[in-house]
Amino acid sequence: NPVSTWTATDCLQGAGFIKSTLNDMFIYLEANIGLMDTPLREAMDMAHEPRVKAPWGEYCGLGWYTGELVDGQKVINHNGATGGHYAYIGFNKSLKTGVIVLCNNKYSSKSDEIGPLILKALKNYL
């Protein structure tokens with residue numbers, strides 16, 4: 001069903017109203033994985049470091065969640081949703097792989113399963 005476009009007031013601009021292109025998202029992903037030089041390398045790596053354990057089992061860094069695969073490899077990720085749209089970005093630095101998932105549907109737990117499943121498949125493929 002169609003969902004009306006969200007509009008934001010001052011307090012919500014930084015919480016879901018950042019507009020980007022898919023190409024920009026791939027550049028951001030490559031920078032976070034460490035595939036490109038950036039003066040933000042140290043800050044990005046620091047943001048990935050786990051700080052506290054979330055109730056659902058992952059660890060929270062500075063805007064990133066870290067989960068662990070069965071073999072101990074770490075998957076760093078974040079997701080978000082607004083009315084009618086969902087996004088996920090996740091990566092495995094040790095394998096230098098990542099995934100971006102964009103959906104034009106409202107948030108559901110099924111949307112959350114797509115990105116991690118692709119990362120696990122890539123791990124088994126490489």
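This is a short walk through a predicted model, from its sheet to its helices and then its aromatic rings.

Okay, housekeeping before we start. Residues count from 1 along each chain as its sequence is written, and side-chain values use heavy atoms, with hydrogens and water left out. Since the model is predicted, local features need pLDDT of at least 70 and side-chain atom pairs count only at pLDDT 80 or more, while totals for chains, interfaces and linings use all residues.

So, the sheet. We've got an open one with 6 strands, in the order β1-β2-β3-β4-β5-β6, and the pairing is antiparallel. At the edges you'll find β1 (52–53) and β6 (97–103), each with a single partner strand, so each has one side without a neighbour in the sheet. When I say strand or helix, I mean DSSP runs numbered from the N terminus: E over at least two residues for strands, H or I over at least four for helices. Pairing of two strands means DSSP finds at least two bridges between them.

Let's zoom in on β5. On one side, β4 (residues 74–82) pairs with β5 (residues 85–92) in the antiparallel sense over 7 bridges. Then β5 is joined to β6 by 7 bridges, also running antiparallel. Phenylalanine 91 is a handy landmark here: isoleucine 76 stands opposite it, and its bridge partner in β6 is glycine 98. The β5 and β6 strands make a hairpin with 4 residues between them, and lysine 96 in that turn has a positive phi of about 55°.

β6 may be an edge strand, but it's mostly covered, with 5 of its 7 residues buried. Buried is under 20% relative accessible area, exposed is over 50%, and partly exposed is in between, using a 1.4 Å probe and protein chains only.

What about the helices? Helix α1 (residues 22–33) lies across β5 and β6, at about 150° to β6. α3 lies across β4, β5 and β6, at about 155° to β6. Those angles run from 0 to 180 degrees between N-to-C directions, with axes fitted to C-alpha atoms, for helices over the stretch in contact. Contact means heavy atoms within 4.5 Å.

Inside α3 (residues 109–125) sits glycine 115. It's buried, at a relative accessible area of 0%. Skipping neighbours within four places in sequence, glycine 115 touches Tyr88, Val99 and Val101.

Then there's α2 (residues 41–48), whose buried residues are Met44, Ala47 and His48. Down the axis of α2 they fall within an arc of 100°, so they line one face of the helix; the arc is taken from the directions from the helix axis to the C-beta atoms. Their cover includes α1, β3 (65–68), β4 and β5.

Last bit: aromatics. There are 3 aromatic pairs in the structure. In one of them, tryptophan 56 and tyrosine 65 have ring centres 5.5 Å apart and planes at 65°, so the pair is edge-to-face. Rings of Phe, Tyr and Trp (its six-membered ring) pair if their centres lie within 6.5 Å; planes under 30 degrees apart are stacked, over 60 edge-to-face, and the rest tilted. Tryptophan 56 is exposed at 53%, whereas tyrosine 65 is partly exposed at 22%. Another edge-to-face pair is tryptophan 64 with phenylalanine 91, at 5.3 Å centre to centre and 75° between the planes. Those two are 27 residues apart, with tryptophan 64 in the loop between β2 (59–60) and β3. Both are buried, and with Tyr28 they form one aromatic cluster.
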